[in-house]
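Biologist: I would love a close look at one part of this model, with the charged side chains as the starting point. Could you walk me through it at your own pace?

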Amino acid sequence: MTATTETDVHEHEHGHEHGGRHPHVVPLLTYFLVFGALMVGTYLTVWAAGQDFGRFNTVVALGIAVTKATLVVLFFMHVKYSPRLTQLVVAVAVAFLALLIGGVVNDYYSPRLDGQMGPANIRRE
Amino acid sequence: MSEAAHHHPALAHHFENLGEQKEASSLGMWLFIAQEVMFFGGMFLAYTVYRNLYPAAFAEASHHLDWKLGGINTAVLILSSLTMALAVRAAALGNRKQIVLFLIATVVLGSIFLGVKVVEYGDKFEHHLVPGAHFQFPGPNARPAQIFYSLYFAMTGLHALHMIIGIPILLVLAWLAHRGRYTPAYHTPVEMTGLYWHFVDIVWIFLFPLLYLVGPH
């Protein structure tokens, strides 16, 4: 059943002239493929937790999570098909989060002036 | 050119047309999500700091969470994101029955997620793993383990709160969709709620490995 009326069609054309967009209809197959990839990613997350990658355990887990999140943002949230301004907002949000967490993590894995690792004045267990 | 085209009932007077209005809504929603990223980001930062300070205690405390329940909930939430995406697609195609169907499916899956969460929280209360006067944890790591559980409840609690807010919104959308409020030309509320729901899904995608799967499993 379709509810597209004459009014709707007209609005489309009107919107298009002024830089508006048709509602972007993503093929069903794309959604199902993304869903499949997200489920495989969840399985991989659990699998990776059972493996020992040494210091890279967290990196692997986060790598999978970032990949899954990227798929959700690009396809489920339509950012792949969105205006540049939306894409910019998303990129800036991610960049600031990376700055926040990356800056702190960098502190933990950098040698200090006294040759020790990590921020000064903390007691590790 | 009909009069109706200029005065779509959903078109606010300060917008030229529905396309312009939708882009403004979309940008506003994304700015809201950007501040949500920083909001949750503060807690992810606290988690990062304490996990680097107490890696062994975090691994030990994480083993008291049931990763199978966490994994099932991850799958449930991803499936709910799919149904949400399909609801938005149905709205863009003007398929009223499907919008309602997929929104209700999203509500059901979200409720299953929260139900599992209730079972998990109940288990933590039973085993004295809720931070506070009755917190008990075997071994010398009780103090940092309590920090882990403080973060666990703060992060999953805030995540659950987002879903508790989202579900009634989805129900209202389903009711309005049933009444024929949304058309291919105008279904912005369905789309914006979709963005919110997917964002909540993304938060969980990070919470699952960071809380349930710390250390060798």
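How many salt bridges does the structure hold over all chains?

Modeller: Happy to! Please keep in mind that this is a predicted model. The structure holds three salt bridges over all chains. Let me take them in turn and then move on to their surroundings.

Start with B:Lys22 and B:Glu191, whose side chains meet in a salt bridge at 3.3 Å, N to O. B:Lys22 sits in helix α2 of chain B (residues 18-53) and B:Glu191 in helix α7 of chain B, so this pair ties together parts that lie 169 residues apart in sequence. The two partners fall into separate burial classes: B:Lys22 counts as partly exposed because its relative accessibility is 24%, while B:Glu191, at 15%, counts as buried.

The next salt bridge joins the side chains of B:Lys117 and B:Glu120, with 3.1 Å from N to O. Here the partners are three residues apart in helix α5 of chain B (residues 96-126), so about one helical turn separates them. B:Lys117 is buried, with a relative accessibility of 3%, and B:Glu120 is buried too, with a relative accessible area of 2%.

That leaves B:Asp123 and B:Lys124, which also form a salt bridge through their side chains, at 3.1 Å from N to O. B:Asp123 counts as partly exposed at 29% relative accessibility, whereas B:Lys124 is buried, with a relative accessible area of 2%.

Now for a charged residue without such a partner. B:Asp201 belongs to helix α7 of chain B, which spans residues 188-212. B:Asp201 is buried yet has no salt bridge, and the nearest side chain of opposite charge, A:Lys68, is 7.3 Å away. A salt bridge requires a side-chain nitrogen within 4 Å of a carboxyl oxygen, so a separation of 7.3 Å does not qualify. Leaving aside residues up to four places away in sequence, B:Asp201 touches A:Val72, B:Leu77, B:Ile78 and B:Ser81. One of these contacts, A:Val72, belongs to the other chain.

That brings us to the boundary between the chains. In general, the size of an interface is often given as the accessible area lost when the parts come together. Chain A and chain B bury about 5,300 Å² between them, and 74% of that is on carbon and sulfur atoms. The interface has zero salt bridges between chain A and chain B. What the rule does find across this interface is three residue pairs in polar contact, with both residues at pLDDT 80 or more. On the side of chain A that touches chain B, at least two residues each come from α1 (6-17), α2 (28-49), α3 (57-76) and α4 (84-108) of chain A. The largest share of that side, 12 residues, is supplied by α4(A). Counted by contacts, 61 residues of chain A meet 68 residues of chain B.

It helps to see the chain that carries these salt bridges as a whole. Chain B contains seven helices and zero strands, and its pattern along the sequence reads α-α-α-α-α-α-α. Taken along the principal axes, the C-alpha atoms of chain B fill a box of roughly 75 × 30 × 30 Å. Of its 217 residues, 58% count as buried. Among contacts in chain B with a separation of 6 or more, 80% come from residues 24 or more positions apart.

Aromatic rings give one more view of the packing. A search of the whole structure turns up 18 aromatic pairs over all chains. Among them are B:Phe135 and B:Phe137, a stacked pair with 6.4 Å centre to centre and 10 degrees between the planes. B:Phe135 counts as buried at 12% relative accessibility, and B:Phe137 counts as buried at 9%. Another pair is B:Tyr152 with B:Tyr212: the ring centres are 6.4 Å apart and the planes stand at 75 degrees, so the pair is edge-to-face. This pair links distant parts of the chain, since B:Tyr152 lies in helix α6 of chain B (residues 142-178) and B:Tyr212 in helix α7 of chain B, 60 residues apart. Both B:Tyr152 and B:Tyr212 are buried.

Helix α7 of chain B thus makes a good place to rest your eye: B:Glu191 in this helix pairs with B:Lys22, B:Asp201 is placed there, and B:Tyr212 belongs to it as well.

Notes:
Residues numbered from 1 in each chain as written. Chains lettered and ligands numbered in written order. Predicted model: local features only at pLDDT ≥ 70, side-chain atom pairs only at ≥ 80, totals over all residues. Heavy atoms only, no water. Helix = DSSP H or I, 4+ residues; strand = E, 2+ residues; numbered from the N terminus. Buried < 20%, exposed > 50% of the residue type's maximum accessible area, 1.4 Å probe, protein only. Lys, Arg positive; Asp, Glu negative; His and termini not counted. Contact = heavy atoms within 4.5 Å. Phe/Tyr/Trp six-rings, centres within 6.5 Å; stacked < 30°, edge-to-face > 60°. Buried area = accessible area lost by both parts, 1.4 Å probe. Polar contact = N/O pair within 3.5 Å; in protein donor to acceptor, adjacent residues only side chain to side chain.
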